[in-house]
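Visitor: I would like to go through this model and ask why certain terms are applied to it. Please set each value against its cut-off.

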Amino acid sequence: MPIVAQSTETTDWVSRFADEVIEESERRAPGKPVVVASGLSPSGPIHLGNLREVMTPHLVADEIRRRGYQVRHLISWDDYDRYRKVPAGVPGVDETWAEHIGKPLTSVPAPKGSAYPNWAEHFKAAMVESLAELGVEFDGISQTEQYTSGVYREQILHAMRHRGDIDAILAQYRTKKAPAKKQQQKPVDEAELEAAEGSGAAAEDDGSSGSAGYFPYKPYCGNCEKDLTTVTSYDDDSTELTYSCTSCGFSETVRLNEFNRGKLVWKVDWPMRWAYEGVIFEPSGVDHSSPGSSFQVGGQIVGIFGGKQPIGPMYAFVGISGMAKMSSSKGGVPTPADALKIMEPQLLRWLYARRRPNQSFKVAFDQEIQRLYDEWDRLEAKVADGSALPADAAAHSRAVRTASGELPRTPRPLPYRTLASVADITAGHEDQALRILSDLDPSNPLTSLDEARPRYDKAEAWINTHVPADQRTIVRDEPDTELLKSLDEQARESLRLLLDGLADNWSLDGLTHLVYGVPKVQAGFSADATPKELPPEIKTAQRSFFALLYQLLVSRDTGPRLPTLLLAVGQERVRHLLGA
């Protein structure tokens, strides 16, 4: 018997959609599994914008599963789409791939060096692996298999019989297109990744229109395999279809009730699948939701196939910040796999769960990732003590677990910015990293780096791949004697106070108290004095003191948090560099 959702989860967007989808499914298909759907085109790297196409229905499907209902989350791999262009910046691909434009994605060779049999499988594989890490359960459907095995034969014949009705619907939206304006390409760290880009995208034409009339079907050429074909005649009774190829000049006559080398055009294919699969919920990106777009037109065409349009919210763009090593001019776009190298699955799930589909957000690859992790850790603490707001608690629950159970997590989730600093300073020396991390809390020392994994590995990957070389931390080998000689008495006294307190405060909390306390003590206040008890100039004195320590330790004005840096350098070396 279905379970009622917990009251704490009734205020978030996922629960509201789940309510609506369950009600609609019981009206349309009582007693059957609830069907939600996504569509992805493996025409190149499947990026973080495309991931919203999957995460939106996944989260709704998972909520429905939690309530005890059976759900199918379909992911249609649009691998029978035409190969439109050679994407820039893909390793193992050169200009010779242009000869395959117009072929099905599954007929295009994989990039050089790939272990996969074709282009589509190469790019599908990375996404499948990422979805597994994210805990996304789905039923994958290859559109190549569906079309070439004849699964959709009756639907194709039905569409051809009703081509006049389909043409009349499409004609309502056909307008004379103005010449496209050339747009300046944004750098990837400013760009918004369009979530629905490629899943049968609207760039596909409405069908084959020639002297013989309109046809909603495109054969792939029997000679060159390309879809640069025009249907020149068709007989409904015999299903005899004649087409010619404008690419190679080939033409042939086939029987469509036996022919499996072609597909319905996108604006007909999508609503056909809604009806065939009984889809109740499928979101769509901005491009598919505008007037005259495929989602709107599909809402009319689906009736020709005896189906209904799914419930489908429009979802907004996903932005990216700080992709220092990926250039949009070279075609580089960040994928879920790129994100999962530097962040745990829970954090990535949370980014998609906490925002309504129509709200845009950014995935951080720059310093912002540290702030995001701080925010996440604060939320974890609030959930643990029961002080989180209901919607925040619901988003957290959807991030850390699915209906199948909790995602694997880091046993000791130390602050990400601390782990990043340690990974930066130690430069891959795990024994040094363990020494520093063990000193963070001497009363409960870390005994193995495995306790801090995988978060430590993610932070280390971020440091190594997304922090520019000039921002990396290199600790001095010898003291800066010139700077030490030039210090006035007040600066020397601040160093003496710090050095005198090192041994008794050698922990993360202790050193934090010490470095912030030295300027307070020098000004005649208690080291425990709160900001409200102190004059504004104390903050200025603290900043000057911190800059002096950074210069003496790493020859810069800034760096990792000082307590972490001191622990990393070690007491003996700190004393040496500070002129003890």
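Guide: This is a predicted model. Begin with Thr 564, whose relative accessible area is 0%.

Visitor: Why is Thr 564 called buried?

Guide: Buried means under 20% relative accessible area. Thr 564 has 0%, so the term applies. The residue belongs to helix H21, residues 562-569.

Visitor: Which residues is Thr 564 in contact with, leaving aside its neighbours within four places in sequence?

Guide: They are Thr 418, Ser 421, Val 422, Ile 436 and Leu 508. Contact here requires heavy atoms within 4.5 Å.

Visitor: Why are H11 and H13 called oblique to each other?

Guide: Helix H11 (residues 345-353) packs against helix H13 (residues 390-400) at about 135°, and their axes are 8 Å apart. Angles over 145 degrees count as roughly antiparallel, and 65 to 115 as roughly perpendicular. The angle of about 135° falls in neither range, so the pair is oblique. Their crossing is right-handed.

Visitor: Which residues make that contact between H11 and H13?

Guide: H11 supplies Gln 346, Arg 349, Trp 350 and Ala 353, while H13 supplies Ala 395, Arg 398, Ala 399 and Val 400. By class, 5 are nonpolar, 1 is polar and 2 are charged.

Visitor: What makes strands E8 and E9 a pair?

Guide: Pairing takes at least two bridges between two strands. E8 (residues 229-234) and E9 (residues 240-245) have 5, in the antiparallel sense, so they qualify. Val 231 stands opposite Tyr 243 in E9. In the hairpin, 5 residues lie between the strands, and Thr 239 takes a positive phi near 60°.

Definitions and conventions: Residues are numbered from 1 along each chain as its sequence is written. This is a predicted model: local features need pLDDT of at least 70, side-chain atom pairs count only at pLDDT 80 or more; totals for chains, interfaces and linings use all residues. Side-chain values use heavy atoms; hydrogens and water are left out. Axes are lines fitted to C-alpha atoms, for helices over the stretch in contact, and angles run from 0 to 180 degrees between N-to-C directions. Helices (H or I, at least four residues) and strands (E, at least two) are DSSP runs, numbered from the N terminus. Angles under 35 degrees count as roughly parallel, over 145 as roughly antiparallel, 65 to 115 as roughly perpendicular and the rest as oblique. A crossing is left-handed if the near helix is turned anticlockwise from the far one by less than a right angle, and right-handed if clockwise. Ala, Val, Leu, Ile, Met, Phe, Trp, Tyr, Cys and Pro count as nonpolar, Asp, Glu, Lys and Arg as charged, and the others, Gly among them, as polar. Buried means under 20% relative accessible area, exposed over 50%, partly exposed in between (1.4 Å probe, protein chains only).
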